[in-house]
Amino acid sequence: MEEKKTVLASGMENDIPMFKGFWIRGLATLIDYILMSFGTMIIFLIVVLFFGQILGVGGYIIGFLLAWLLVVAIGIGYKPVMEASSFQGTFGKYFLGMKIVNREGHRITLKNAIIRFVVFIVSSG
């Protein structure tokens, strides 16, 4: 991979690679998948059991539907919100030292993160 001289946000120059490779990105995606799977499974169980215990059999159905909507919302919002946050990437990218930045090396906005996510979804399907 080619090293490029880049001016960082603080004005200091540093030699950093512009893009990370396929395998490190794949590992970051795997980490995100594992975290999201366990996290959403726990949320799902808590919501379903909570409503089921309070409302009985009908509560399990209501809890299932609410949990499903919550899991979908988390799944859709995770990537753009994390990329626009101070982490500058999902937890998988953060743990591996990767950051999502704009052309000037600054954190991207939520609007740009949502656009990136929509393009990602469209190009994946």
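# A walk through the helices

The protein chain has 4 helices and 2 strands. What you have open is a predicted model. Colour the chain from start to end, and the elements come up in the order β-β-α-α-α-α. Now switch on a surface: of the 125 residues of the protein chain, 22% count as buried. If you draw contacts between residues at least 6 apart in sequence, 38% of them join residues at least 24 apart.

**Stop 1: helix α1**

Select residues 22-55, which form helix α1. With 34 residues at 1.5 Å each, this helix should span 50 Å, and its end C-alpha atoms lie 48 Å apart, so the two values agree. Next, show the side chains of A28, D32, M36, T40, V47, V48 and G52, the buried residues of α1. What covers them? Bring α2 and α3 (91-95) into view, as both are part of that cover. Before leaving, click on G56, which follows α1 and has a positive phi near 80°.

**Stop 2: α1 against α2**

Keep α1 on screen and add helix α2, residues 57-84. Two packed helices are described by the angle between their axes and the distance between the axes. Here the axes of α1 and α2 come within 7 Å and cross at roughly 155°. An angle over 145° counts as roughly antiparallel, so that is how α1 lies to α2. The contact of α1 with α2 has 19 nonpolar, 7 polar and 1 charged residues. As for handedness, α1 and α2 make a right-handed crossing.

**Stop 3: α2 against α4**

Hide α1 and show helix α4, residues 110-124. The axes of α2 and α4 are 8 Å apart, and the helices pack at an angle of about 135°. That angle makes α2 oblique to α4. By class, the contact of α2 with α4 has 9 nonpolar, no polar and 3 charged residues. To see who takes part, select I76, K79, P80, V81, E83 and A84 on the α2 side, then L110, A113, I114, R116, F117 and F120 on the α4 side. Here too the crossing is right-handed, as α2 passes α4.

**Stop 4: two lysines**

Zoom in on K79, which lies in helix α2. Is K79 buried or exposed? Its relative accessibility is 17%, so K79 counts as buried. Leaving out residues up to four places away in sequence, K79 touches T90, K93, F117 and F120.

From there, step across to K93, in helix α3. K93 also counts as buried, because its relative accessibility is 14%. Beyond its neighbours within four places in sequence, K93 is in contact with A28, K79, E83, M98 and I100. Two of these names come from earlier stops: A28 is one of the buried residues of α1, and E83 is among the α2 residues that meet α4.

**Last stop: Q88**

Finish in the loop between α2 and α3, where you will find Q88. Check the backbone here: most residues other than glycine have a negative phi. The phi of Q88, by contrast, is positive, near 60°. Turn the surface back on and ask how accessible Q88 is. At 11% relative accessibility, Q88 counts as buried.

Note on methods: Residues are numbered from 1 along each chain as its sequence is written. This is a predicted model: local features need pLDDT of at least 70, side-chain atom pairs count only at pLDDT 80 or more; totals for chains, interfaces and linings use all residues. Side-chain values use heavy atoms; hydrogens and water are left out. Axes are lines fitted to C-alpha atoms, for helices over the stretch in contact, and angles run from 0 to 180 degrees between N-to-C directions. Angles under 35 degrees count as roughly parallel, over 145 as roughly antiparallel, 65 to 115 as roughly perpendicular and the rest as oblique. A crossing is left-handed if the near helix is turned anticlockwise from the far one by less than a right angle, and right-handed if clockwise. Contact means heavy atoms within 4.5 Å. Ala, Val, Leu, Ile, Met, Phe, Trp, Tyr, Cys and Pro count as nonpolar, Asp, Glu, Lys and Arg as charged, and the others, Gly among them, as polar. Buried means under 20% relative accessible area, exposed over 50%, partly exposed in between (1.4 Å probe, protein chains only). The expected span of a helix is 1.5 Å times one less than its number of residues.
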